[in-house]
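Reader: I've got this one open on my screen and I'd like to know what stands behind the labels. Can you take me through them?

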Amino acid sequence: MPISLTKLRADLYKIVDQVIQSGIPVVIERNGKQVKIIPVEKKSKLSHLKAHPGTMVGNPDDFIHLDWSQEWKDDNL
């Protein structure tokens, strides 16, 4: 959604910091014409991933030979 030049003027530093941090361009509109503020360096899409505590990371083949008997409980026994 485009912002007005007046809004840009009022919040210039905040808007530029937001573009730098998020990597998402901002569109400014004046007299029916649009311009964009875009970061020169694009952020990696992977930089937006969030950590998932407790997640096991590694090669799946390494997990095959682990002893899981302490982790699993059979309710049918």
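Author: Happy to, and keep in mind that this is a predicted model. Let's start with a pair in the sheet: Glu-29 stands opposite Gln-34 in β3.

Reader: What makes β2 and β3 a pair of strands?

Author: Pairing asks for at least two bridges. β2 and β3 are joined by five bridges, so they qualify, and they run antiparallel. The hairpin they form has two residues between the strands, and Asn-31 there takes a positive phi near 55 degrees.

Reader: And how do you know that β1 pairs with β2?

Author: Two bridges link β1 and β2, so the cut-off of at least two is met; the sense here is parallel. Ile-3, for one, has Ile-28 in β2 as its bridge partner.

Reader: Why is the sheet called mixed, and which strands are at its edges?

Author: β1 with β2 is parallel, while β2 with β3 is antiparallel. The sheet is open, with three strands in the order β1-β2-β3 and mixed pairing. Its edge strands are β1 (3-4) and β3 (33-37), each of which pairs on one side only.

Reader: What makes you say β3 is hardly covered?

Author: Buried means under 20% relative accessible area. Among the five residues of β3, the count of buried ones is zero.

Reader: So where is the largest nonpolar core?

Author: Its six residues are Ile-3, Leu-8, Ile-15, Val-19, Val-26 and Ile-28. The elements giving two or more residues to this core are α2 (12-22) and β2 (26-30). Leu-8 touches Ile-3, Ile-15, Ile-28 and Ile-37, leaving aside residues up to four places away in sequence.

Reader: Why is Asp-11 with Lys-7 called a salt bridge?

Author: The cut-off is a side-chain nitrogen within 4 Å of a carboxyl oxygen. Asp-11 and Lys-7 come in at 2.7 Å, N to O, so the label fits. By this rule the count comes to one salt bridge.

Reader: Are those two residues buried or partly exposed?

Author: Asp-11 has a relative accessible area of 22%, which is not under 20%, so Asp-11 is partly exposed. Lys-7, at 41%, is also partly exposed, because that value is not over 50%.

Reader: Last one: what lets Trp-68 count in a surface patch?

Author: A patch residue needs over 30% relative accessible area. Trp-68 has 31%, so it passes that cut-off, and it counts as partly exposed. Trp-68 sits in the segment after α3 (60-64). Together with Met-56, Leu-66 and Trp-72, Trp-68 makes a nonpolar surface patch of about 460 Å².

Definitions and conventions. Residues are numbered from 1 along each chain as its sequence is written. This is a predicted model: local features need pLDDT of at least 70, side-chain atom pairs count only at pLDDT 80 or more; totals for chains, interfaces and linings use all residues. Side-chain values use heavy atoms; hydrogens and water are left out. A nonpolar core is a set of buried Ala, Val, Leu, Ile, Met, Phe, Trp, Tyr and Cys residues joined through side-chain atoms within 4.5 Å. Buried means under 20% relative accessible area, exposed over 50%, partly exposed in between (1.4 Å probe, protein chains only). Helices (H or I, at least four residues) and strands (E, at least two) are DSSP runs, numbered from the N terminus. Contact means heavy atoms within 4.5 Å. Patches are made of residues with over 30% relative accessible area and no salt bridge: like charges are joined within 9 Å, nonpolar side chains (Val, Leu, Ile, Met, Phe, Trp, Tyr) within 5 Å. Accessible areas come from the Shrake-Rupley method with a 1.4 Å probe; for residues, only the protein chains shown count as cover.
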